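Trainee: Could you take me through one part of this model closely? I would like to see how the sheet and the helices beside it are put together, residue by residue.

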Amino acid sequence: MNSILRLLPAGLAFATGLALADGSGTLYEGGKPIALKHAYAYRMPDPFDKDKQITRIVFADKPIDDAALAGASDRDGAIDDQLREATRVDLNLEPDGSVQNVNTRIGYSSGSQSGSGWYTLSLKRNDDQRVEGSFRSNDEEDKNIGRYYDLVFALDLPGAPDPGAALPADGGEPGKAYLAHLASLRKGDIDALAKSMTKARADELLAHRNDAEFKMMFGFIQGQALREPKYVKGNARGDRATLEYTGKDADGNAVTNTVSMLREGDAWKVEKESSKTTLH
């Protein structure tokens with residue numbers, strides 16, 4: 001059921017700052033070494049204190065698209081979308097350079113470790129522009145019977161996101177594509193809906209359309225579709241655009257949708273959609 005819910009979106013250094021990626025490592029999981037050849041670092045709100053910022057260093061066995069992250073207003077969500085089903089390690093550093101925790105995801109399984117005494121962190125630099133150092137577990141036996149980390153990093157931190165130029169007052173071509181997506185969703189036209197989505201999302205949707213539970217779940221998603229959509233603002237940068245629409249849900253509650261659009265070929269496609277609802 002969860003897989004069907006995910007089928008529809010519900011994502012040189014420039015002055016704005018592509019992070020220069022120079023980081024890698026190995027995660028040992030139950031005696032198996034997993035090479036983490038890709039890394040990216042960025043600042044984000046502290047999950048435990050929204051008034052603070054932490055530095056998150058992500059190591060993954062899948063490539064990370066720095067260019068796509070440069071314009072993302074929610075880098076944390078965007079990197080989650082990129083690394084779905086990947087093996088990844090998130091090393092989270094407090095402003096003072098201490099370790100807040102280490103989060104590990106292997107496919108759809110995840111875990112978190114905190115505390116002290118079980119690792120050695122060596123920081124050469126940790127400021128608003130760059131983070132450099134290494135992180136290693138202390139107990140070598142964990143390589144064979146537990147979880148062991150061996151990570152190195154020297155990464156520039158990206159600057160503020162660059163969303164690109166403002167779109168016209170009606171959302172331009174990305175806005176038209178999103179409204180067509182909503183119309184197809186309301187009608188229940190699966191084929192038209194698939195054509196309005198990115199290829200990756202469309203392939204998932206069509207692969208599950210004959211599942212026994214698909215009709216029920218699709219009906220649920222139809223019920224969540226934005227009603228009376230009104231364009232608020234949007235920006236486009238290259239082949240990516242971000243839109244904001246307001247409207248209502250089926251119960252008349254106020255809804256704000258943030259939509260990530262991707263241009264594939266000559267057409268804008270819906271890549272991801274998130275909603276915030278204000279109960280009346």
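Mentor: Happy to; we will go through the sheet strand by strand, then turn to the helices, and end with the cores. Keep in mind that this is a predicted model.

Let's start with the sheet. Its 5 strands follow the order S11-S12-S13-S14-S15, forming an open sheet with antiparallel pairing. The edges are taken by strand S11 (165-166) and S15, and each has a single partner strand, so one side of each is left without a neighbour in the sheet.

Now look at strand S14, residues 254-264, and strand S15, residues 267-278: the two run antiparallel and are joined by 11 bridges. Val259 is a good place to put your cursor, as it stands opposite Glu273 in S15. The hairpin of S14 and S15 has 2 residues between the strands, and there Gly265 adopts a positive phi near 65 degrees. S14 also pairs with strand S13 (residues 240-248), again in the antiparallel sense, over 9 bridges. Within that pairing, Arg240 has Leu262 of S14 as its bridge partner.

Glu273 leads us on to the helices, since it is one of the residues touched by His181. His181 lies in helix H5, and its relative accessibility is 2%, so it counts as buried. Beyond its neighbours up to four places away in sequence, His181 touches Leu193, Ser196, Met197 and Val270 as well as Glu273.

Helix H5 (residues 172-187) has a packing partner in helix H8 (residues 214-223): their axes are 9 Å apart, at an angle of about 130 degrees. The two helices are therefore oblique to each other, and the crossing of H5 and H8 is left-handed. To see the contact itself, select Leu185, Arg186 and Lys187 in H5, which meet Phe218, Ile221 and Gln222 in H8.

That leaves the nonpolar cores. The largest one has 21 residues, and Ile57, Phe59, Leu91, Val102, Val131, Phe135 and Tyr149 touch the most other members. Elements giving two or more residues to this core include strand S4 (49-60), strand S5 (87-93) and strand S10 (147-156); the largest share, 4 residues, comes from S10. Phe59 makes a useful probe here: leaving aside neighbours within four places in sequence, its contacts include Leu36, Val89, Leu91, Leu151 and Phe153. A second, separate core has 14 residues, among them Leu167, Ala177, Leu226 and Met261.

Terms used: Residues numbered from 1 in each chain as written. Predicted model: local features only at pLDDT ≥ 70, side-chain atom pairs only at ≥ 80, totals over all residues. Heavy atoms only, no water. Core = buried A, V, L, I, M, F, W, Y, C linked by side-chain atoms within 4.5 Å. Buried < 20%, exposed > 50% of the residue type's maximum accessible area, 1.4 Å probe, protein only. Contact = heavy atoms within 4.5 Å. Pairing = 2+ DSSP bridges. Axes fitted to C-alpha atoms, helices over the stretch in contact; angles between N-to-C directions. Parallel < 35°, antiparallel > 145°, perpendicular 65-115°, else oblique. Left-handed = near helix turned anticlockwise from the far one by under 90°.
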